Amino acid sequence: MIQHPIAPVYDAESRILILGSFPSVKSREQQFFYGHKQNRFWKVCAQVLGCAVPESVEEKRNMLLSHHIAVWDVIASCEITGSSDASIRDVVPNDLSCILSHADIRTIYTNGSKAHQLYQKYIFPVNGREAYLLPSTSPANAGYSLERLAEAWRVIGDIL
């Protein structure tokens, strides 16, 4: 079993929660979310929020918190081969109550279909909070250009 090594990013002002499935190998190495250079999460968020693409972990954290966005993952631990969502098994979900009880989360989004599927299976039955599916920013989602992703992700900017 691989344990999730990254603490959630949130504060009392967070209004939106974005959940991935489980950190990639690169993210686990960097100890922060969406660490693979080919993942378009930071580019998409920067475009939607109208700011520069953050480079450092501190810049990434500041961009999220200054725009009232919380980020974490659905899975606390699992068996996974490399970074492949398709290989995920033996899931232990994260307990989102630490975020939901300390922040005014108004909307929950999942980054990709695997995160959404796992949320629906493990977390929705516990908290009853609806989550909305956004297309994955992963490089594996080659069907979506950066522009198409940004268009789909604009809903987060609309809420803020």
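**Helix packing and sheets in a predicted model**

Me: Why are helix 2 and helix 3 called oblique to each other?
Reply: Helix 2 and helix 3 are oblique to each other because angles under 35 degrees count as roughly parallel and 65 to 115 as roughly perpendicular, the rest between them being oblique. In this predicted model, the two helices pack at about 40 degrees, with their axes 11 Å apart. The crossing of helix 2 and helix 3 is left-handed.

Me: Which residues make the contact of helix 2 with helix 3?
Reply: Helix 2 contributes Phe41, Trp42, Cys45, Ala46 and Leu49, and helix 3 contributes Lys60, Met63 and Leu64. By class, this contact holds seven nonpolar, no polar and one charged residues. Lys60 belongs to the contact, and Lys counts as charged.

Me: How do you know where helix 6 stands relative to helix 2?
Reply: The axes of helix 2 (residues 41–49) and helix 6 (residues 146–159) come within 8 Å and cross at roughly 60 degrees. That angle makes helix 2 oblique to helix 6, because roughly perpendicular begins at 65 degrees and roughly parallel requires under 35. The crossing of helix 2 and helix 6 is right-handed.

Me: What makes up the contact of helix 2 with helix 6, by residue and by class?
Reply: From helix 2 come Phe41, Lys43, Val44, Cys45, Gln47 and Val48, and they meet Leu146, Leu149, Ala150, Trp153, Arg154, Ile156 and Gly157 of helix 6. Nine of these residues are nonpolar, two polar and two charged. Gly157 is one of the residues in contact, and Gly is counted as polar under the class definition.

Me: How do you know whether helix 2 is mostly covered or not?
Reply: Seven of the nine residues of helix 2 are buried, and the helix is accordingly described as mostly covered. The test for each residue is a relative accessible area under 20%. The residues that meet it are Phe41, Trp42, Val44, Cys45, Ala46, Val48 and Leu49.

Me: What covers the buried residues of helix 2?
Reply: The cover includes strand 2, helix 3 (57–66), strand 3, strand 6 and helix 6. Just after helix 2, Gly50 takes a positive phi of about 70 degrees.

Me: What makes the four-stranded sheet an open one, and which strands stand at its edges?
Reply: The four strands follow the order 3-2-6-7, with parallel pairing. Strand 3 (69–73) and strand 7 (131–134) each have a single partner strand, so one side of each lacks a neighbour in the sheet. On average, neighbouring strands of this sheet are turned by 30 degrees against each other, direction ignored.

Me: How do you know that the strands in the order 3-2-6-7 pair with one another?
Reply: The requirement for a pair is at least two bridges. Strand 2 (residues 16–20) and strand 3 have five, in the parallel sense, and Gly20 stands opposite Asp73 of strand 3. Strand 2 and strand 6 run parallel and are joined by four bridges, with Leu17 opposite Ile108 in strand 6. Strand 6 and strand 7 likewise pair in the parallel sense over four bridges, and Asn111 faces Leu134 of strand 7. Each of these pairs therefore meets the requirement of at least two bridges.

Me: Why is strand 6 called largely enclosed?
Reply: Five of the five residues of strand 6 (residues 107–111) are buried, so the rest of the structure largely encloses this strand. Thr107, Tyr109 and Asn111 point one way, Ile108 and Thr110 point the other way, and all are buried.

Me: What order and pairing has the open sheet of three strands, and which strands stand at its edges?
Reply: The strands of this second sheet follow the order 1-4-5, with antiparallel pairing. Strand 1 and strand 5 each have a single partner strand, so one side of each is left without a neighbour.

Me: How do you know that strand 4 pairs with strand 1 and with strand 5?
Reply: Two bridges join strand 1 (residues 2–3) to strand 4, the two running antiparallel, and this count just satisfies the minimum of two. Gln3 has Ser77 of strand 4 as its bridge partner. Strand 4 and strand 5 (residues 89–93) are linked antiparallel over three bridges, and the partner of Glu79 in strand 5 is Arg89. Strand 4 (residues 75–79) is mostly covered, with four of its five residues buried.

Notes. Residues numbered from 1 in each chain as written. Predicted model: local features only at pLDDT ≥ 70, side-chain atom pairs only at ≥ 80, totals over all residues. Heavy atoms only, no water. Buried < 20%, exposed > 50% of the residue type's maximum accessible area, 1.4 Å probe, protein only. Axes fitted to C-alpha atoms, helices over the stretch in contact; angles between N-to-C directions. Parallel < 35°, antiparallel > 145°, perpendicular 65-115°, else oblique. Left-handed = near helix turned anticlockwise from the far one by under 90°. Contact = heavy atoms within 4.5 Å.
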